[in-house]
Every structure is written in C-alpha cells, then in structure tokens.
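Q: Please take a close look at one long helical part of this structure, going through its packing, its charged pairs and its surface. I would like the cut-off behind each term, and some context from the rest of the chain.

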Amino acid sequence: MSWGTELWDQFDNLEKHTQWGIDVLEKYIKFVKERTEIELSYAKQLRNLSKKYQPKKNSKEEEEYRYTSTRAFLATLNEMNDYAGQHEVISENMTSLITGELTRYVQELKQERKSHFHDGRKAQQHIETCWKQLEASKRRFERDCKEADRAQQYFEKMDADINVTKADVEKARQQAQLRHQMAEDSKAEYSSTLQKFNSEQHDHYYTHIPNIFQKIQEMEERRIVRIGESMKTFAEVDRQVIPIIGKCLDEITKAAESIDHKNDSQLVIEAFKSGFEPPGDVDFEDFTQPMKRTVSESSLSNSRGDGKSEPKFGGKSKGKLWPFIKKNKGAGPEDFSNLPPEQRRKKLQQKVDELNKDIQKEMDQRDALTKMKDVYIKNPQMGDAASVDHRLAELGQNIEKLRLEVQKFEGWLAEVEGRLPARTEQARRQSGLYEAQNTSAVNSCAQDRESPDGSYTEEQSQETEMKVPATDFDDEFDDEEPLPTIGTCKALYTFEGQNEGTISVAEGEMLYVIEEDKGDGWTRIRRNEDEEGYVPTSYVEVYLDKNAKDVYKSLQKISE
C-alpha cells in the first residue's frame, strides 16, 4: 500500500489532504491551549475561593476555629488550595509537553511538505517539457514528410512535361531528394525523442513520483502518530496528578471524620458558662392567713409601701445597660470584672498565657544577645560587646514588667477560681440568674444573695443604697432611640430589681418585651416610656408576635 503506486495521478488531492492534516494539528494545538487557560482560570478561582473563606487574623472568626467542625472546614480550604495547585501543574505540563512541542513540529512539517511538493512539481514540469519536445519533433517530422511528398509530386510532373527543359527537371529532382533526406532526418530525430520521452515518462511515473509520494506518505503518517502521542500525553498529564488530588480529597475526608460533636458541645459550655448557680425554689405565700403572712422583700407592693424609691429608666439613666449582660462600647476593665465569673476566668487565663508567651519571646531575644555579646568579647574584631548592653537592659526591664503583669493577673485569676463552684460538677450550667455578683468600683452593683426562705432577694450593703456617679459610659446611651416592642410578657413571679439596669415586676403583671434573651438569662422589658430594664427570663412568660400591642391587650384582659 503505497501512495506512489496507488495515487500516482492524485498530486493535487494529496496536496489538499496534507494541508488539511496540518490544519487538524493546529486545531488540536489551539484546543490544548484553551484547556490550559481553563485550568489556570479554574485554579485561580479555587485559590480566590479558599482565600475568601480563610479566617481573618485577630478577628472573631479566628476564635470560632477552635471547634472541630470549623477546623475541618479550615482544613478543607487548605486542601482546596493544594487542589488548585495541581490544576496549575496540569496547565504547565500541557503547555510544555504538548503545545510547545507541537508548535515546533508544525513549523518543521510545513517546511518538509513544501520541499516534497516542490520536488513533485519540478518532476511534473520536467515530464511536461519532454512531452513538448516530443510533440515538436513529431510535428517537424510530419511537416517534412508532407514537404517531401509535394517535392516528389512536383518532380514527377516536371519530368512528364515535354515542354520543361532538362535543367528544370534536374532541379526538381534534386529538390525532391533534399526533401526526402530532411524527412528521413526528422524521422530519426522523432524516433530518438520518442524513445527518450518514454524513458523519462517511465522514470517519472515509476521512480520519481513514487519516491516523492512515498516521502509525503511517511510525513503524513508521522503527523498522525505525533497527534496520537500528544493525545496520550494529554491524558497522562491528568493521570499524573490524580494521586495527589486523591490525597487532597482523602485529607478532606479525614478532616470531616475528625469532627467531634461532643467536643464542640463542651466548647460551647466553656465559652458561655457563667459560673453561677440556678436560683432557689420560690416559697409559697399563704394569702389565707394575712395576719401571719411574713413580709417578703421580693414583694413589689411591700417595697413600694415602705417608700423605697425604685430605680427607673428615666431622664439621664434611660437606656443604661446592666454590667454582665451587655458589653460596653468602650474598652472593659483590665480585670474583666464586667464579665460573669466563668467567662472572666477564661479571659484572665488567656491573658496570663499571652503574657507568658511574651516573656518567653523576650527571654529568647535576651539569650541570643547574650551569646552574641560573648562572641564579641572573644572576637573583638567581629563587633563591640558594649553595643548590646543597652538592648539587654531594655529586655531585662521588659521581662520584669511582664512578670509583674503576670503576677497581677494570676492574683485576679486565683480570686475568681476561689469563688467558682467545682469545675467537675456537670450540673452547673448557664443560668437565667446571677446568684452572686461582687461589688466593684467598675460596675458598682449590689451583692445578690439568697434569702433563708429560698426566695430570690437582693441586699444592699451597709443598709444604704449606693449611688453610681454619672460617667462617660452613661452618656453613651443618652441619645439612643427607644427600642421597639417585639412582644409581651407576663410575670410569673414577683421580682424586685434594685441593681442598676433591672426593673421590678409584680406577679401577673403584663409588660412589653423590647429585647429577647441573648443567652445570658435576662430579658429586656418596658412598662412605660420611662420605665424599662432587665428581668430574669425564668421569671416571665414571653409572647412574641408581630402585632404585639393587640396580643398585650388581650392577655391583659385575660389576667384581669
């Protein structure tokens, strides 16, 4: 099966076919190039996606990554970054092994094809020239033969005419002989040219053209083999990264399997546990024996009858937040006394750990400078030993300051841990009430206690009511707009709120809810425009509704 023998007369079609083959190769190169661009774009999008969801440093998001589920998500993001890297490898390998190689090969192929078809055209032109020579020799032989016949006929005519002189007859005879000789010579030349043409034509169709077409066939077959090898490389480049991509997916699966729901639940407890105990039982008040009824300090009516002034959310103090419930807009106290005990303990422990890390860092720098100073002392040409004394002194002072800070925070930490219940007691959970709240200069709150009869009461230290001086913190809320009502509530028990930020309610009283329990055990309510504050969530039954006022009226009628 050879193009030289089977397609000896298809020179033009072979020229078109080989050009089509080059076009196919260039189309494949373009396809691979676009695939590499897609891989790069995909890798870039994956990297941007991974970067977008990475936690920001020194932000709340970073704290959330202590949970196993969020850590697994972070591991997934990191693996996706590596996954994107493998697509970049695919793009690089396809560019170097396929696109670059085939582009160079196409240039070489075009040059080779041009050379072969140039040789074919040259051979074609040669055989056409030989054919033209044969045709010219043939026409000349034909012409000379006709001239010789005419000369012979003229001679015979002159010889038969008795009126023609003998000299004219001789002249006609000589002319006829000359023409016959010229015809013989043309015949010999035509015969020679014909033999030469037949030889050239045989060589052309059985030697030259087959050789040229065979080279073109080999060139085309190499092109076919080359594009097949490139397709294999195309698949192999993908196959080479499959193990690494598989490892990325395995790591994602491993991260998913590392999620521990029990551990995350325990972390939630550690993050939000207040450290206080739940409130005690409410004593039964026997209204059938009014004369023997004990005066309860938690009774709102008795409190008002004694003429005690109720703290109200009016005027300057309207909108103030009770410490432990809401965070101040400004920086909190250094000892975190505005936090519940458990949260305060955690913050203090974190601070101690941070200070210890800073101390270790400073000590490492001091050790490094000390070694450098020793080197300078032994080898003065390397540097002046006295040049590091000032820095060593600064490091010593910094370490001493940090140690004092550690002692201060450890003292606060010991104080908090001394007041907290046993940490192994699982029954201690976040409560709707704070049972014990220390009086401090920061929050100026009265200390809560549990009365001997079990009812929830509040005692004021030294039998007098402490007045809280107005501060910049108070002014932060002077201009706040009143919060809209989001529902109503019914007081299940009597609560006398004497701490700043609380409000007293009587059992069965209906009030507006302006802020739900945020997980700290307190609900913010409003009696009227000038009276609002926090009450324990466990002391009220909350009704949330879009049409809060209508619900409030209907419930008020029911309670009456």
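A: The account below begins with the whole chain, then turns to the part in question, and ends with a few places elsewhere.

This is a predicted model, in which local features need pLDDT of at least 70 and side-chain atom pairs count only at pLDDT 80 or more, while totals for chains, interfaces and linings use all residues. Residues are numbered from 1 along each chain as its sequence is written, and side-chain values rest on heavy atoms, with hydrogens and water left out.

The chain has 560 residues, of which 34% are buried; here buried means under 20% relative accessible area, exposed means over 50%, and partly exposed lies in between, with a 1.4 Å probe and protein chains only. Its secondary structure comes to 11 helices and 7 strands, taken as DSSP runs numbered from the N terminus, with helices being H or I of at least four residues and strands being E of at least two. The accessible surface is about 35,100 Å², and carbon and sulfur atoms hold 51% of that surface; these areas come from the Shrake-Rupley method with a 1.4 Å probe, and for residues only the protein chains shown count as cover. Among contacts (heavy atoms within 4.5 Å) with a separation of 6 or more, 74% join residues 24 or more positions apart.

The part chosen for the close look is helix 4, which covers residues 68-160. The largest nonpolar core has 31 residues, and its members touching the most others are L25, Y28, M94, I98, F213 and I216. Such a core is a set of buried Ala, Val, Leu, Ile, Met, Phe, Trp, Tyr and Cys residues joined through side-chain atoms within 4.5 Å. Two or more residues of this core come from each of helix 2 (11-52), helix 4 and helix 5 (166-257), and helix 4 gives the largest share, 11 residues. The surroundings of L25 add detail to this picture: apart from neighbours within four places in sequence, L25 is in contact with L102, Y105, V106, L109, R223 and I227. A second, separate core of 13 residues includes F495, L511, Y534 and V540.

The charged side chains of helix 4 come next. Side chains of opposite charge can pair when their charged atoms come close. The whole structure contains 24 salt bridges, each being a side-chain nitrogen of Lys or Arg within 4 Å of a carboxyl oxygen of Asp or Glu. In one of them, R140 pairs with E189, with the closest N and O atoms 2.3 Å apart. This pair links distant parts of the chain, since R140 lies in helix 4 and E189 in helix 5, 49 residues apart. R140 is partly exposed because its relative accessibility is 26%, and E189 is likewise partly exposed, at 37%. Another salt bridge joins K146 to E142, with 3.6 Å between the closest N and O atoms; both residues lie in helix 4, 4 residues apart, which is about one turn of the helix. With relative accessibility of 45%, K146 counts as partly exposed, and so does E142, at 41%.

Helix 4 also contributes to the nonpolar surface. F73, which lies in helix 4, is partly exposed because its relative accessibility is 37%. F73 forms a nonpolar surface patch with L49 and Y53, and the accessible area of the three together is about 280 Å². Patches are built from residues with over 30% relative accessible area and no salt bridge, where like charges are joined within 9 Å and nonpolar side chains (Val, Leu, Ile, Met, Phe, Trp, Tyr) within 5 Å.

Two cysteines can be placed against this background: C130 is buried, with a relative accessible area of 7%, and C248 is buried as well, at 4%. The chain has 0 disulfides when a disulfide is taken as a pair of cysteine sulfur atoms within 2.5 Å.

For context beyond this part, helix 9 covers residues 389-419 and holds A414, which counts as partly exposed because its relative accessibility is 48%. A414 and R345 are 69 residues apart in sequence, yet their C-alpha atoms are 8.9 Å apart in space. A salt bridge between E405 and K408, at 3.2 Å from N to O, lies within helix 9, its partners being 3 residues apart, about one turn of the helix. Elsewhere, salt bridges that share partners join E515, R524, R526 and E532 into one network.
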